[in-house]
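User: I am new to this structure and would like to know what lies behind the terms used for it. Please take me through them with reasons.

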Amino acid sequence: MQIVHNRSGFADKQIIKLQETPDNVPDGQTPHSVSLCAYDELVDVCKAGDRVEITGVFKCNQVRINPRQRTVKNIFKTYVDAVHIQKVDKRRMGIDVSTVEEELSEQITGDMEGTRKVSEEEEAKIKATAVRPDVYELLSRSLAPSIYEMDDVKK
């Protein structure tokens, strides 16, 4: 088999290990954990140490004895397909309080236009970047820098 790149569809997937909070675990016991599969826009919503509430579908897969054979055990591997991820305690999640206050003040005053003033320094940087001969490559490298290769897709 061989992948036909232009006719293939790719989607983001992340496997998260979800663990009980230490507050809910009785003394002397280890916290229980479950694997969580996040797809598309749910990828990178939370990071290690975040306290979250998960809504999802609890699923299971049979465990194979040998991946090359069809025989399976009577044991199932369980996981959760995430539908929604919500952070529980915003103060612990590293949220920038100043931006939250600005958003609340804009909602109160009714200023929902959302325009941003560009300073002269930023405008000079934008114009300097625009005249660079490698601006196309620079933009493709800047788009999703955590994903390596795939330059043709980024362009």
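The exchange below goes through the terms one by one.

User: What kind of model is this, and which elements does the protein have?

Analyst: This is a predicted model. The protein has four helices and four strands. Starting at the N terminus, their order is β-β-β-β-α-α-α-α.

User: How many of the residues count as buried, and what makes a residue buried?

Analyst: Buried means a relative accessible area under 20%. Of the 155 residues of the protein, 12% count as buried. The protein exposes about 13800 Å², and 51% of that area is supplied by carbon and sulfur atoms.

User: Why is Ser140 called buried?

Analyst: Its relative accessibility is 5%. The cut-off for buried is under 20%, so Ser140 counts as buried.

User: Where does Ser140 lie, and which residues does Ser140 touch?

Analyst: Ser140 is part of helix H3, residues 135-142. Leaving aside residues up to four places away in sequence, Ser140 touches Lys154 and Lys155.

User: What makes the pair of Ser140 and Glu137 a polar contact?

Analyst: A polar atom of the Ser140 side chain lies 2.9 Å from the backbone oxygen of Glu137. A polar contact needs N or O atoms within 3.5 Å, one able to donate a hydrogen and the other to accept it. The distance of 2.9 Å is within that limit, so the pair meets the distance condition.

User: Which residues make up the largest nonpolar core?

Analyst: That core has eight residues: Ile16, Leu36, Ala38, Leu42, Cys46, Val80, Ala82 and Ile85. Strand E2 (33-39) and strand E4 (72-87) are the elements that give two or more residues to this core. E4 gives the most, with three residues.

User: What makes this set a nonpolar core?

Analyst: A nonpolar core is made of buried residues of certain kinds, Ala, Val, Leu, Ile and Cys among them, joined through side-chain atoms within 4.5 Å. The eight residues are of these kinds and make up such a core, so each of them is buried.

User: Which residues does Ile16 touch?

Analyst: Not counting residues up to four places away in sequence, Ile16 touches Val34, Ser35, Leu36, Ala38, Cys46 and Ile85. Among these, Leu36, Ala38, Cys46 and Ile85 are also listed in the core.

User: Why is Gly56 called partly exposed?

Analyst: Gly56 has a relative accessibility of 40%. Buried means under 20% and exposed means over 50%, with partly exposed in between. The value of 40% falls in between, so Gly56 counts as partly exposed.

User: Where is Gly56 found, and which residues does Gly56 touch?

Analyst: Gly56 is in strand E3, residues 52-64. Outside the residues up to four places away in sequence, Gly56 touches Val80, Asp81, Ala82 and Val83. The C-alpha atoms of Gly56 and Ile85 are separated by 8.7 Å, with their positions 29 residues apart along the chain.

User: Asp40, Asp44, Asp50 and Arg51 are in which loop?

Analyst: Asp40 lies in the loop between E2 and E3. Asp44 is in the loop between E2 and E3, as are Asp50 and Arg51.

User: Why do Asp50, Arg51, Asp40 and Asp44 get the labels they have?

Analyst: Asp50 has 15% relative accessibility, which is under 20%, so Asp50 counts as buried. Arg51 at 22% and Asp40 at 43% fall between 20% and 50%, so these count as partly exposed. Asp44 at 62% is over 50%, so Asp44 counts as exposed.

User: What is said of phi in Asp40 and in Asp44?

Analyst: Phi of Asp40 is near 50 degrees, a positive value in a residue other than glycine. Phi of Asp44 is near 65 degrees, which is likewise positive in a residue that is not glycine.

User: Which residues are closest to the centre of the largest pocket, and what is the volume of that pocket?

Analyst: The volume of the largest pocket is about 410 Å³. Of its 17 lining residues, Lys17, Leu18, Gln19, Gly49 and Asp50 are the closest to the centre. Strand E1 (residues 13-19) supplies the largest share of the lining, five residues.

Notes:
Residues are numbered from 1 along each chain as its sequence is written. This is a predicted model: local features need pLDDT of at least 70, side-chain atom pairs count only at pLDDT 80 or more; totals for chains, interfaces and linings use all residues. Side-chain values use heavy atoms; hydrogens and water are left out. Buried means under 20% relative accessible area, exposed over 50%, partly exposed in between (1.4 Å probe, protein chains only). Contact means heavy atoms within 4.5 Å. Accessible areas come from the Shrake-Rupley method with a 1.4 Å probe; for residues, only the protein chains shown count as cover. On a 1 Å grid over the protein atoms alone, a cavity is a set of points where a 1.4 Å probe fits but cannot get out, and a pocket is an open set with protein on both sides within 12 Å along at least five of seven lines; lining residues have an atom within 4 Å of a point. Grid points are joined across faces, edges and corners, and a volume is the space filled by probe spheres set on the points.
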